[in-house]
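Thanks for making the time this morning. I would like to take you through one structure, going from its sheets to its helices and then to its ligand.

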Amino acid sequence: MRPFLLERFGNASSIHQEGQHARSAVERARADVSRFLGCRPAEIVFTSGGTESDNLAIFGSVNPGDHVLTSTVEHHAVLHAVRKLGERGVEIDVLPVNDQGVLAPDDVRNAIRPNTRLISVMMANNETGILQPVEAIGRIAAEFGIRFHVDAVQAAGKLKLDVDGIGCHLLTISGHKMHAPQGTGALFVRRGTRLEPLFAGGAHERQRRAGTENVAGIVGLGKAAECAMEGLRNGAPERMRSLRDKLESGILQRVTDAGINGGSAPRVANTTNLWFDHLEGEALVIALDLHGLAVSSGAACSSGVSEPSHVLEAMGLSKERARGSLRLSLHRHSSEEEIDQAIQLVSSRVTRLREVSTVMAR
Ligand code: PLP
């Protein structure tokens with residue numbers, strides 16, 4: 001990225017040499033991201049991140065009178081977009097999940113109407129890491145000829161992504177969840193899938209996303225995709241999974257009245273969401289932060305809002321248990337030593353905070 005931040009400022013749409021240099025860097029990144037998703041380079045649209053990709057997929061696909069299906073545990077970038085469509089004359093169904101946070105493909109099938117235009121379901125949940133059966137849903141979408149969008153923001157780099165295997169027409173990734181810069185992302189748009197662009201403007205990105213390309217950011221996303229493919233080949237998810245499992249069992253051996261949200265569901269390798277009774281999650285987040293452990297008590301995207309997480313509530317957790325839940329995530333460079341420290345810190349802080357609240361209650 002460095003040359004494009006410090007020395008080479010060509011616009012990738014210009015025909016002069018500086019412009020063409022930028023263009024070739026953008027196209028190389030497009031080829032890397034397309035290999036990462038198992039698609040053609042022309043099927044990649046670069047965006048400003050997961051939120052824009054989700055919005056482009058949803059608003060770009062649906063018109064008043066259409067019907068859209070999604071789930072209660074989606075990221076707000078999907079849920080709020082779908083709700084907005086509801087205010088504009090689109091029929092919407094937000095399908096429930098079970099107590100393990102999983103959507104049943106049969107519920108999707110049973111909710112399909114003659115005017116169902118779009119199904120939007122995430123691959124991995126951002127708060128719990130729980131995986132949805134997207135391949136099974138993709139087969140249902142294909143059977144009924146319905147457009148299928150998958151928000152794969154949290155799966156990218158942790159699972160091999162293959163748009164044909166999933167059977168989706170649209171798939172979202174976000175740079176900052178895979179070691180690329182914040183404010184970068186992409187939407188896979190299957191060939192032949194017509195999308196109404198979000199922005200009016202130039203003909204960039206094959207008329208699907210107007211606006212001068214963020215060359216440095218796109219180069220960063222391409223490199224991150226290349227590194228993620230290398231990590232997948234070299235067993236990074238397996239390493240993360242064994243460290244994540246050690247983290248969970250280490251904490252649960254030391255702390256009573258605690259458990260894993262969605263512990264019986266298939267989950268992505270790097271995320272855990274733990275509940276602790278008799279505890280305010282936000283107090284724990286602050287106590288851990290003071291010791292250098294960065295965690296969150298709800299989705300990071302909605303931190304600062306102290307409403308219990310919509311994802312945990314959708315799984316049937318009480319407000320108290322949802323508020324007493326903590327999300328920890330690892331990345332592919334997390335070390336054994338950091339996990340040992342995290343086990344020690346979380347268990348000692350939980351015990352201490354519970355002691356304090358017992359004393360205060362007296
Ligand atoms: N979708 C999911 C599942 C996410 O976790 C996030 C961000 O955390 C987004 C969408 C939004 O992505 P961005 O922050 O790049 O806009």
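Before I describe how a helix lies over a sheet, let me say that contact here means heavy atoms within 4.5 Å, and that angles run from 0 to 180 degrees between N-to-C directions, with axes fitted to C-alpha atoms. Please also keep in mind that this is a predicted model.

With that in hand, look at helix H2, residues 17-37, which lies across E1, strand E6 (170-174) and strand E7 (185-189), and which runs at about 115° to E1.

Those three strands belong to an open sheet of 7 strands, whose order is E1-E7-E6-E5-E4-E2-E3 and whose pairing is mixed. At its edges are strand E1, residues 44-47, and strand E3, residues 91-95, each of which pairs on one side only. On average, and with direction ignored, neighbouring strands in this sheet are turned by 15° against each other. Further inside the order, strand E4 (residues 116-122) and strand E5 (residues 147-151) pair in the parallel sense over 5 bridges, and Ile119 stands opposite Phe148 in E5.

There is also an open sheet of 3 strands, in the order E8-E9-E10, and here the pairing is antiparallel. Strand E8 (258-260) and strand E10 (325-329) stand at the edges with a single partner strand each, so one side of each is left without a neighbour in the sheet. Neighbouring strands here are turned by 25° against each other on average, again with direction ignored. E8 and strand E9, residues 271-276, pair in the antiparallel sense over 3 bridges, and Ile260 stands opposite Leu274 in E9.

Turning to the helices, how do H3 and H4 pack? Helix H3, residues 50-59, and helix H4, residues 76-87, pack at an angle of about 30°, and their axes are 9 Å apart; the crossing is right-handed. From H3 the contact is made by Thr51, Asp54, Asn55, Ile58 and Phe59, and from H4 by Ala77, Val78, Ala81, Val82, Lys84 and Leu85. Sorted by class, the residues in this contact are 7 nonpolar, 2 polar and 2 charged.

Thr51 of that contact brings us to the ligand, so to speak, and which residues come nearest to the ligand? There are 14 residues around the ligand, and those that come nearest are Gly50, Thr51, Asp151, Gln154 and Ser174. For Gly50, a backbone N or O atom lies 2.8 Å from an oxygen atom of the ligand, whereas for Thr51 an N or O atom in the side chain is 2.6 Å from a ligand oxygen atom. Lys177 also takes part, with a polar side-chain atom 3.2 Å from an oxygen atom of the ligand.

Finally, a word on Thr212, which lies in the loop between helix H8 (204-207) and helix H9 (215-233). Thr212 and Thr51 are 161 residues apart in sequence and, C-alpha to C-alpha, 18 Å apart in space. Leaving aside residues up to four places away in sequence, Thr212 touches Asn11 and His204.

Conventions: Residues are numbered from 1 along each chain as its sequence is written. This is a predicted model: local features need pLDDT of at least 70, side-chain atom pairs count only at pLDDT 80 or more; totals for chains, interfaces and linings use all residues. Side-chain values use heavy atoms; hydrogens and water are left out. Helices (H or I, at least four residues) and strands (E, at least two) are DSSP runs, numbered from the N terminus. A crossing is left-handed if the near helix is turned anticlockwise from the far one by less than a right angle, and right-handed if clockwise. Ala, Val, Leu, Ile, Met, Phe, Trp, Tyr, Cys and Pro count as nonpolar, Asp, Glu, Lys and Arg as charged, and the others, Gly among them, as polar. Two strands pair if DSSP finds at least two bridges between them. A residue is near a molecule or strand if one of its heavy atoms lies within 4 Å of it. A polar contact is a pair of N or O atoms within 3.5 Å; within protein, one must be able to donate a hydrogen and the other to accept it, and residues adjacent in sequence count only if both atoms are side-chain atoms.
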